[in-house]
Amino acid sequence: MRCTAAGTRGLHNPNHAQLRRTAHQPEELTHGKTQFEAVSGELPSTPVGPPTGLGGYGGGGGNGVRDAVLTTIVGVIVLFTGGIVYMAWYKENVLWKIEKAFAAGYDPALELAKNAIKKPAETTESSSAESLDWDLEGPWTQHLRRAEQDLIDRIIQGKEVGHYFILLGPKGTGKTTMILDAMQAVQAEGVAMCDAHPDLEVFRLRLGKALNYEYNEDTQTGLFQRRDPREGGPALDIERALNKLEKVALSHAKKTGKPLILVLNNVHYFNHDDDGRNMLLQFQQRAEAWAASGILTMVFSSDDFWPFFVMRKNASRMHVVSVYDLSAKDALTAAMRMRLNARQKKESPELLKEVVDIVGGRLTYLGKVTKAQDMVGHAKHMLAVEKAWLLSQVGLIPDCDDDVMDEQKWSSCSWLLLREFVRKHQQEMQRKQEAVARGEIKEEDLNDIELPRISYYECRQIMTRPDFMDELDRKNIIAIDINHDVTPDSWLILHAAEEVVGEAGFDDLLDSVRDRVDEIESLHRTRELTFKDVDAGDRIRLTVDKGGARVV
């Protein structure tokens, strides 16, 4: 009875009633919230109705998986389509940028030449041509128009189709100046110019700048690409650039009927090794194909002879344009016009002739001399500097040590060639003077003496080391032309060699150095025999049998 009463009191306990109300409260709240969402039009926060998941559990998980799959497929399709559209646009944009590089007024080299720093025009009366007593007929220009300028103009204008060209000549004869003048006449329309460099990575960037090509470095698809194309080296990057250039050249030729012009300036800056020669061959192969199709004309320029020697083996459409120093008459006229351009006082023809006799017809030397107040003094200073530089390169050292034997061998062979140049020049001067004495020529013709020339094969015989000639050419001590004739690089080099050869005892010095080189070489060929454990009174017998043993 006690237990029944206790159970009855537990059932009627107020705390138990509270627990029952709490247990039913979440269901009531959820039911009320569902009704509110239905009235307000919102989706229920929990699924209503029978379970639809796997095995009757999981709620609405099937719809979520299907939506995730559809979203992924749509995203991949959009990304793939966007990538295709972007790549198509990027390739067209690359071609458009290269085409823009050949538009009028774009070329960076021409912009630098046009914006060169010049002296401000002086308006004072003392700087006028009249006050300086200049009486030149016709308009004067800053650069003297050479005979080769007409051909260069036709090449840059795209009128010389079916060939590619190489300009050969010593440094400072005006090759680059003629090209820039021709480009300025057409505002660089259809022309691009690039300077060579020994480092092919640097040259890759220079070519990209000239062609307005970024080598795919500005693309936004790097996350989806394979390895960086630059890891293949500069040669492959340049090949890709030439492929793009070919497409632009084909399109340009169809639109205008004229070829594009690509100028590679100073190709002698390439290293004379396998990499440099391969790069030169890579451009030459393109030049041959483009010249045959008439879509692009390439122009190479070089101060040294070795690029022509390398390209000559594979050339079938290459034309060579040789650029030399001005003649004495043209050099005198150019000196007068450059003197006027420098706003300096007028000098007598005799003084100008003396200056031309020292520096010759090299345009760079004339430009330096005509800007000086004392022209003759400056010309003699340039000669002294050239002589000091020549001696620093090929100076003779009597009683030299064996450590410098190779250097003295090169110096002595070089002076054998320079001495022969001096002798030929003296013989030509003597022949001219005798002709003047006989009345065969006028005295003015004495000024029309050219630099002495010796054929390439004769120079090999004189020097006895033909491999030294390439180094002399690279150092601008000699120059080799298309006819394989060798001359001193300039009149300054010849006059400096004349002063050295004319010194007392030069021949004896040269002979002593050559004898010393022979002695050192003979010592290197000598073998020393050392005998040990030999006491006083012991005898050593050596037998030299030149006949050798006979085998029966």
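The following paragraphs describe the overall make-up of a predicted model, then helix H18 and two helix crossings.

The protein chain contains 19 helices and eight strands, and of its 552 residues 37% are buried. Among contacts in the protein chain with a separation of 6 or more, 75% are accounted for by residues 24 or more positions apart. The accessible surface of the protein chain amounts to about 33400 Å², and carbon and sulfur atoms contribute 54% of that area.

Helix H18, which spans residues 491–501, is mostly covered, with nine of its eleven residues buried. The buried positions begin with an uninterrupted run comprising Trp 491, Leu 492, Ile 493, Leu 494, His 495, Ala 496 and Ala 497, and they also include Val 500 and Val 501. The cover over these buried residues includes the helices H12 (349–359), H13, H14 (375–394), H15 (405–437) and H19 (506–525), together with strand S8 (485–488). Within H18, His 495 has a relative accessibility of 15% and therefore counts as buried, the cut-off being under 20%. When neighbours within four places in sequence are left aside, His 495 is in contact with Asp 357, Ile 358 and Leu 383.

Helix H13 (residues 363–370), one of the elements that cover H18, also packs against helix H11 (residues 328–341), the two axes coming within 9 Å and crossing at roughly 40°. Because of that angle, H11 is oblique to H13, and the crossing in which H11 passes H13 is right-handed. On the side of H11 the contact is formed by Ala 331, Ala 334, Ala 335, Met 338 and Arg 339, whereas H13 contributes Leu 363, Leu 366, Gly 367, Val 369 and Thr 370. Sorted by class, the residues of this contact between H11 and H13 comprise seven nonpolar, two polar and one charged.

Helix H15, likewise among the elements covering the buried residues of H18, crosses helix H16 (residues 456–463) at roughly 125°, with the axes coming within 8 Å. The helices H15 and H16 are therefore oblique to each other, and their crossing is right-handed. In this contact, Cys 413, Ser 414, Leu 416, Leu 417 and Glu 420 of H15 meet Cys 459, Ile 462 and Met 463 of H16, and the residues of the contact between H15 and H16 divide into six nonpolar, one polar and one charged.

Conventions:
Residues numbered from 1 in each chain as written. Predicted model: local features only at pLDDT ≥ 70, side-chain atom pairs only at ≥ 80, totals over all residues. Heavy atoms only, no water. Axes fitted to C-alpha atoms, helices over the stretch in contact; angles between N-to-C directions. Helix = DSSP H or I, 4+ residues; strand = E, 2+ residues; numbered from the N terminus. Parallel < 35°, antiparallel > 145°, perpendicular 65-115°, else oblique. Left-handed = near helix turned anticlockwise from the far one by under 90°. Contact = heavy atoms within 4.5 Å. Nonpolar A, V, L, I, M, F, W, Y, C, P; charged D, E, K, R; others polar. Buried < 20%, exposed > 50% of the residue type's maximum accessible area, 1.4 Å probe, protein only. Areas by Shrake-Rupley, 256 points an atom, 1.4 Å probe, with all protein chains shown as cover.
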